[in-house]
Amino acid sequence: MLTALQAHADLATLADTYGSDKASRLPDEETCYPWIAHTYDALYEFLFPTARDSVQRVFECGIGSADENVLSNMGPKGQPGASLRMWRDFFPRAQIVGADIDPNILFQEERISTYLVDQCSPVSVEQLWEAVGPGQFDLMIDDGLHTSDAARSLFEGSIHRLAPTGWYVIEDVLLEQFPDYEAWLEAWPGPKWFAVPDGERWGLIAIRAVEPGSDQGLMHS
Ligand SMILES: C[S@@+](CC[C@H](N)C(=O)[O-])C[C@H]1O[C@@H](n2cnc3c(N)ncnc32)[C@H](O)[C@@H]1O
């Protein structure tokens, strides 16, 4: 049962509730990660303005390891599962699937299931989708290793799971690395949108599926 807060909360409030760095309203020193929060909430709320109830499935690579020996970890006070719980509350009817290279942070709870993956390995990505089983996703997020090669491997092995009206978002792309991503994304016939929130050194790439029977995609990039 959702509380009134969860059913109406915005992404930044939910990110603070669970400890995701996607957005925050807290003073910097009160968050559980050692950097300034992103401001990605505006983009996600723009992509899903009124459709919170209709989103059925969300996938995110990057559960949020607090193990400092794991690349791209959230720091020692990190809260594994934070963004998965944030999505679960933000999309009240959705099943949430998470995946990560750290086997110690996998968990199952209400509407959330998680799986092991090394996003750099096409074989591991293929095994992930075998384990998850059939079905497409309304939102797929890469918040994993944050290198162009890793993003490419996950994208190429996973984009077939994006629903025709869905969004695939690659987070935390360093501004100076946008061209590296652009180079391989050029092959994708669907629309791509490169976004950099105000004042951030990092941006996002939002990718749309290609409409069935079309070689244009749903809108022009
Ligand atoms: C920034 S954290 C994710 C934060 C989380 N999405 C949130 O908002 O709370 C990045 C995650 O990527 C995972 N990771 C690093 N390398 C990976 C790889 N090769 N394949 C899959 N996950 C990886 C790390 O273990 C870590 O949990």
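**A walk from the strands to the ligand**

Let's start with one pair: Phe-137 stands opposite Leu-162 in strand E5. Keep in mind that you're looking at a predicted model. Phe-137 belongs to strand E4, which covers residues 137–142 and runs parallel to E5, with 5 bridges joining the two. Now follow the chain from one strand to the other: E4, helix H6 (residues 148–158) and E5 make up a right-handed β-α-β unit.

E5 has another partner too. Strand E7 (residues 202–208) pairs with E5 over 6 bridges, this time in the antiparallel sense. If you want a spot to find on screen, look for Val-173, whose bridge partner in E7 is Gly-203.

Next, the inside. The largest nonpolar core holds 50 residues, and Leu-11, Val-58, Trp-87 and Leu-204 have the most contacts within it. Our strand E5, residues 162–174, turns up again here: E5 gives the most to this core, 6 residues. Pick out Trp-87 and you'll see that, leaving aside residues up to four places away in sequence, Trp-87 touches Val-58, Glu-60, Ala-94 and Ile-96.

Leu-11 leads us to helix H2 (residues 11–18), where Leu-11, Ala-12, Leu-14, Ala-15 and Asp-16 are buried. Helices H3 (41–47) and H4 are among what covers them. Just after H2 comes Gly-19, with a positive phi near 105°.

Last stop: the ligand. It's surrounded by 27 residues, and the closest are Ser-20, Gly-62, Gly-64, Ser-65 and Ser-83. Strand E1 (57–61) and helix H4 (82–90) are the elements that give two or more residues to this shell. What's the shell made of? It splits into 11 nonpolar, 9 polar and 7 charged residues.

Definitions and conventions
Residues numbered from 1 in each chain as written. Predicted model: local features only at pLDDT ≥ 70, side-chain atom pairs only at ≥ 80, totals over all residues. Core = buried A, V, L, I, M, F, W, Y, C linked by C-beta atoms within 7 Å. Buried ≥ 20, exposed ≤ 12 C-beta atoms within 10 Å, placed from the backbone. Helix = DSSP H or I, 4+ residues; strand = E, 2+ residues; numbered from the N terminus. Contact = placed C-beta atoms within 7 Å. Near = placed C-beta within 6 Å. Nonpolar A, V, L, I, M, F, W, Y, C, P; charged D, E, K, R; others polar. Pairing = 2+ DSSP bridges. Right-handed = clockwise from strand over helix to strand, strands pointing away.
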